[in-house]
Amino acid sequence: MDKLTPSQWKVVNKPYEPASTVKVIAGPGSGKTLTLLHKVHHLVTVENIKPDEILIFSLTNKAVDNIIENLLSVFEDLHTNKEIIRQIGCYTIHGLANRIVVENEGMINIIEEIGWRGLMKLLPPSKRSPHHFRSYKELEKVIKDYKLNGSRTGNVKAKNDSIVIEQLVELMDNCKVMTNDDLIIRAKKYLELDQPILGDASSSFTQDLQNKYKVVLIDEFQDLYPSLAPLVATICKGKQLIMFGDTNQSIYEFLGNNKQIMWQLDNLHPKSSTTVLKLFDNFRSTPEIISLASRVINLPPAKKQVLDNTDETPSELVRKLPSGVLPQSASFDDLTTETEFIIDKITQLICSSAKFSDIAILSRTNSHLTTLGNVLKKYGIPFEKLKSQPDWMDDLRIQFLLDIMKVCSLASDEKHSREFDTSAKWQSDFSILVTMSAIKGVGDASIQALYKACGLKKLSIWKYLTVVPNFEWPLGLSIKKKIENYTANLYELIEDDQIHQLEDPLELLEKISNITHNLNLNPTYFQSVSDYQSSLEFKTHLREMAQVMKVSQSNKPSGTSFVKWFLETYFDQTMVFHQAKQELKTNGPGTVKLSTIHSAKGLEFPIVFLTNGIMSNFPMDTNSLYVGMTRARNLLYMSNMKHQNLISKTPLYSRSIMFNESFWTYYNKDLNRSLHGVTMAHDYNIQHYNRLRKDFGFYRAYSSLRCCKNIFRRI
């Protein structure tokens, strides 16, 4: 077992007590995750808590991935470590809620961009004027407000508006279409139902949450927001709740005030059963970085905090040795100068002892990261963008393929299970409307007329299209042909129930892809793959989707339709695939990481470039700046921060880092890398950098990006 500090041992050794709360305030780099993992180990090996009685959850997939990946090393002294880890529940909050709702309701739709665009098609023309809903994002906000406040919300401007929104909400309810907030509310509802306590063999996940789990651990409690409170409180009530986090790293205020939910959790159990512990150590950042970051948030020195808040002595405080290099800050008036500064620094670092994988560029906005990514691409510098979930799940083209699968599965169920039932609520309607809306030439008026006609006959859209003669359809001739083509392409999969007979993932994907190809989709919904880059991206995402489908096939329960299993569990299956993929990564130069500050939470990088962008006229907010700074282990470069606590406290950037041999010795020791050749290669590195600097033209006010691609491949 790794050696823990005195403050970490206090958390680990805190005895198990039902209906109690342990709140651990842990700053960046304090070993929070390590302490959480050893706490789990202690619960299993000392407190005799069974692995399947422990539940861990966080807000982001990255945090959950990090916990799962590190649990194995903590349990390495136990021969059954893999089986133990498999039994421990580890979820994102929304992943947990999704599992509860799917278990109780079957297949559901979490509405994405393409779904909101489909709903826009059902709005009367007058509601899409500049005075009403200008975009699907505005419609999304209005519907969320309506669900929360009803017609009283100020965003619903008139009675007619309220009627339209009410009809859209009814459609969503009938088709089990949910926002993430709906998911949380429904999951809480099922947890509050009285369920019989059954034996382990027959108990459901919902029942396990109610009756089986004894300990709940929350990672990054400062990321929680008010709408999560009902579900989180319901899960944790009566159990031992152990929370880890740091209020100074709260950067999700736009989702609601974290203080509201923390007040509820702090008061979930009696004060006599509540303990607050603090971790002041720092294993990550250099003292130079921590000192400046602490001044940004006006935090007292760590030694003073230890004396004021604990019975420990400052000598027990763990800190890294100084590196001798201070964080550097610079201001730029234009994007070209800023990007040249970053490229110049990356060149120096790579010509010293750093790898591309050591470097991260963090910004507040995705748009700025996209711009920086384009510059890195022109220089031939490998990079990847860190996101909250895999890229293929955000691809509108992939989302469309999933919607076609849902149409076929749901409509086939309605055809072969429920047959014709005028009182039924047709779940397939939403997916059909979404996919029809993406067909080139099928306008809003046609979608509305068809949906109205189905309502008058009390038929699902699919039933209407297959039993009502096309001359009765309230559509123009050209639109009828497009809808007939849509129906013909899906007919066999639905009417002959082929969709539920396909067990081969690749065969299913091929059929769905062929259908999509035959539908002549609107480029607004389905990006063209005619250009090479777009085509390559789509192929990559399609390959990843196919791999996740194979994972899903490998753990499908017998007697269950493959397509149903995949559609109900593909989010969880993606996480399984992602974890397996991470284990196969090889050591090499790697890639520069691009990330928003929000997506980088919980991560660390040896070298960080933190940028506020050129267009921003405002300083970076204090908490975001603090989080961004404390992602860095050894080197921190900042540009255009405009923060008052950084003025005159950081030196301007210089070119001296390559000449600092003592720092590179420190750097490689910190990363447990070999020191062989660090000094010997120094002169060669300087020559190499000067050659690249000349090629790139860094001494000029502006440099051309032409002829720069692939230069880094020579390194």
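In the UniProt record, an unreviewed entry, the feature "binding site" is placed at A26, G27, P28, G29, S30, G31, K32 and T33. The structure discussed here is a predicted model, so the label comes from the record, while the geometry comes from the prediction. A26 sits in strand 1, which covers residues 20–26. With a relative accessible area of 1%, A26 is buried. Setting aside residues up to four places away in sequence, A26 touches K32, G245, D246, Q249 and L279. One of those partners, K32, is itself listed in the "binding site" feature. T33, another position in the feature, belongs to helix 2, residues 32–45. T33 has a relative accessible area of 19%, and since anything under 20% counts as buried, T33 goes into the buried group too.

Now for the wider picture. The protein has 28 helices and 14 strands. Of its 715 residues, 54% count as buried. Among contacts with a separation of 6 or more, 79% join residues that are 24 or more positions apart.

Residue L119 gives a nice example of chain positions meeting across the sequence. L119 is part of helix 6, which spans residues 113–120. Its relative accessibility is 1%, so L119 counts as buried. Apart from neighbours within four places in sequence, the residues in contact with L119 are I111, L139, I143, L168, L171, M172 and F430. V434 is 315 residues away from L119 along the chain, yet the C-alpha atoms of the two are separated by 7.5 Å.

Helix packing comes next, starting with helix 5 (residues 93–105) and helix 9 (residues 180–192). The axes of helix 5 and helix 9 are 8 Å apart, and the two pack at an angle of about 60 degrees. That angle is why helix 5 and helix 9 are described as oblique to each other. Their crossing is left-handed. On the helix 5 side, the residues that meet helix 9 are I93, H94, A97, N98, I100, V101, N104 and E105. Helix 9 answers with N180, L183, I184, R186, A187, Y190 and L191. Sorted by class, this contact holds nine nonpolar, four polar and two charged residues. The spacing of such lists is easier to read with one rule in mind: an α-helix has 3.6 residues a turn, so residues three or four places apart point the same way.

Helix 9 also packs against helix 10, residues 205–212. Here the axes come within 9 Å and cross at roughly 65 degrees. This crossing is right-handed, whereas the one between helix 5 and helix 9 is left-handed. Y190, L191 and E192 of helix 9 make the contact with T206, L209 and Q210 of helix 10. By class, the contact of helix 9 with helix 10 splits into three nonpolar, two polar and one charged. Y190 and L191 turn up in the contact with helix 10 and also in the contact with helix 5.

Finally, there is helix 11, which runs over residues 229–236. Six of its eight residues are buried, so helix 11 is largely enclosed by the rest of the structure. The buried ones are A229, L231, V232, A233, I235 and C236. After helix 11 comes G238, which has a positive phi, near 85 degrees.

Note on methods:
Residues are numbered from 1 along each chain as its sequence is written. This is a predicted model: local features need pLDDT of at least 70, side-chain atom pairs count only at pLDDT 80 or more; totals for chains, interfaces and linings use all residues. Side-chain values use heavy atoms; hydrogens and water are left out. Axes are lines fitted to C-alpha atoms, for helices over the stretch in contact, and angles run from 0 to 180 degrees between N-to-C directions. Helices (H or I, at least four residues) and strands (E, at least two) are DSSP runs, numbered from the N terminus. Angles under 35 degrees count as roughly parallel, over 145 as roughly antiparallel, 65 to 115 as roughly perpendicular and the rest as oblique. A crossing is left-handed if the near helix is turned anticlockwise from the far one by less than a right angle, and right-handed if clockwise. Contact means heavy atoms within 4.5 Å. Ala, Val, Leu, Ile, Met, Phe, Trp, Tyr, Cys and Pro count as nonpolar, Asp, Glu, Lys and Arg as charged, and the others, Gly among them, as polar. UniProt positions are given in the numbering used here, feature names are shortened, and annotations may be inferred rather than shown by experiment. Buried means under 20% relative accessible area, exposed over 50%, partly exposed in between (1.4 Å probe, protein chains only).
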